[in-house]
Amino acid sequence: MTGLNDIPSGERVHIGFFGVRNAGKSRLVNAVTGQNLSVVSNVPGTTTDPVRKAMEILPLGPVVIIDTPGLDDEGALGEQRVERARRVLAECDAAVLVLNAVAGPSDFDRSLLALFEERKLPYLTAHNKADLLEKRPPLKESGHGLYTSALTGEGVPELKERLAALLKAQEKPRHLVADLLSPGDTVLLVVPVDESAPRGRLILPQQQTIRDILDAHGSAVICQDTELKGTLSRLAEKPRLVVTDSQAFEQVARDVPADIPLTSFSILFARYKGELSALARGAEKLAQLRDGDRVLISEGCTHHRQCGDIGTVKMPAWIRKYSGAEPDFFFTSGGDFPADLTEYALVVHCGGCMLNEREMKARLARAEACGTPAVNYGMAIAQMHGILQRSLEPLL
């Protein structure tokens, strides 16, 4: 049985707790989660790196809670911690600025509030350590603020309720494929099982696509690329859509008749979490690459590299063949993604199934701000095999 803890991080609401050292962030995080998630002490700067915990919190539902280091940390090491805390902002769906109610807001707190506003990030301000106040002046943050005490638990239930309301107001319907279907439609999924496929299970994009088809009251038919022709011939009616693993795009495009819509899991995720049109424009850069151009290949997760790894082996080989050039390739994975992308001629990103929508969009916005085109794996592969337009048509 699938439980709440099996919900992938990319589909959970991410909530970051920010503030200066010794404002009580970690104690408040522990009070909100009901767990000793973060180490606490009276020594400023105890939290040295962002601490993440995927969990279920009522009435919020499945969330990722992130406790960050104090943004007033000092020294060279402190600057690195502050930079990591700032990076967390890119993945947050909401933020809690934890203020020391006794000391009042600092310049660092004010700069954070300005950053929240600039990034249009929903936030609350928790005036913590309220149990130490003799008088409580009215709060000025236009409905954002409330008094809390991590020690007594005061304000913690209200904080969770207000976070839930804040996030509820931001909700919008999102679908991988369900909005393209009508009840009773059949979708044929092409899932190669090769040396790179995980043993005994489907990967996350495949699982999520199947669930979305079922939510639309459609039917999912699944086969490997080697059985595609036979499976198509046995279907009583043409499928509404064929969705393939991008690595099999070339063969699948040959085997699927032109009158049957075709796309890939990766392109579905581009629409779901990114900017479809921007990534399509980035695909055009592949043909313009020159010898020595720096190409960043980035994956949102970390995994064991295999001999036929798509990011470090297959993608560079395809790009060299398609462009006729010898670019220099650089690789990142997981949370590592450069702040400055100006040195790169192109960013080639994975589908981002392990990243939430806000972080994926933040990465693409960073590339755009640096004037660096970006494309994801599925679109890049479709472009290099001459079938990008066909694979986009079902989504337009």
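The side chain of arginine 12 reaches the backbone oxygen of methionine 55 at 3.0 Å. The same side chain reaches the backbone oxygen of valine 63 at 3.4 Å. This is a predicted model. The points below cover arginine 12, helix α5, strand β9 and residues with positive phi.

**Arginine 12**
- Arginine 12 sits in the segment before β1, which spans 13-18.
- Arginine 12 is buried, yet it has no salt bridge.
- The nearest side chain of opposite charge belongs to glutamate 56, 5.7 Å away.
- That distance misses the salt-bridge cut-off, because a side-chain nitrogen of Lys or Arg must lie within 4 Å of a carboxyl oxygen of Asp or Glu.
- Backbone oxygens are reached instead: that of methionine 55 at 3.0 Å and that of valine 63 at 3.4 Å.

**Helix α5**
- Helix α5 covers residues 204-215, 12 residues in total.
- From first C-alpha to last, α5 reaches 16 Å, close to the 16 Å expected at 1.5 Å a residue.
- Buried residues of α5 include the hydrophobic-named set Leu204, Pro205, Ile210 and Ile213.
- Gln206, Gln208, Thr209 and Asp212 of α5 are buried too.
- The cover over these buried residues includes β7 (186-190), β8 (219-223) and α8 (265-273).
- Histidine 217 follows α5, and its phi is positive, near 60°.

**Strand β9 and its partners**
- Strand β9 spans residues 241-244.
- Leu241 and Val243 point one way from β9, while Val242 and Thr244 point the other way.
- All four of these side-named residues are buried.
- β9 pairs with β7 in the parallel sense, over 4 bridges.
- Leucine 188 has valine 242 of β9 as its bridge partner.
- β9 also runs parallel to β10 (residues 262-264), joined by 3 bridges.
- Threonine 244 has serine 264 of β10 as its bridge partner.
- β7 thus appears twice here: it pairs with β9, and it is part of the cover over α5.

**Positive phi in loops**
- Asparagine 22 has a positive phi, near 65°, in a residue other than glycine.
- Asparagine 22 lies in the loop between β1 and α1 (25-33).
- Asparagine 22 counts as partly exposed because its relative accessibility is 35%.
- Lysine 120 has a positive phi, near 55°, and is likewise a residue other than glycine.
- Lysine 120 lies in the loop between α3 (107-118) and β5 (123-128).
- Lysine 120 counts as exposed because its relative accessibility is 72%.

Key:
Residues are numbered from 1 along each chain as its sequence is written. This is a predicted model: local features need pLDDT of at least 70, side-chain atom pairs count only at pLDDT 80 or more; totals for chains, interfaces and linings use all residues. Side-chain values use heavy atoms; hydrogens and water are left out. Helices (H or I, at least four residues) and strands (E, at least two) are DSSP runs, numbered from the N terminus. Buried means under 20% relative accessible area, exposed over 50%, partly exposed in between (1.4 Å probe, protein chains only). Lys and Arg count as positive and Asp and Glu as negative; His and the chain ends are not counted. A polar contact is a pair of N or O atoms within 3.5 Å; within protein, one must be able to donate a hydrogen and the other to accept it, and residues adjacent in sequence count only if both atoms are side-chain atoms. The expected span of a helix is 1.5 Å times one less than its number of residues. Contact means heavy atoms within 4.5 Å. Two strands pair if DSSP finds at least two bridges between them.
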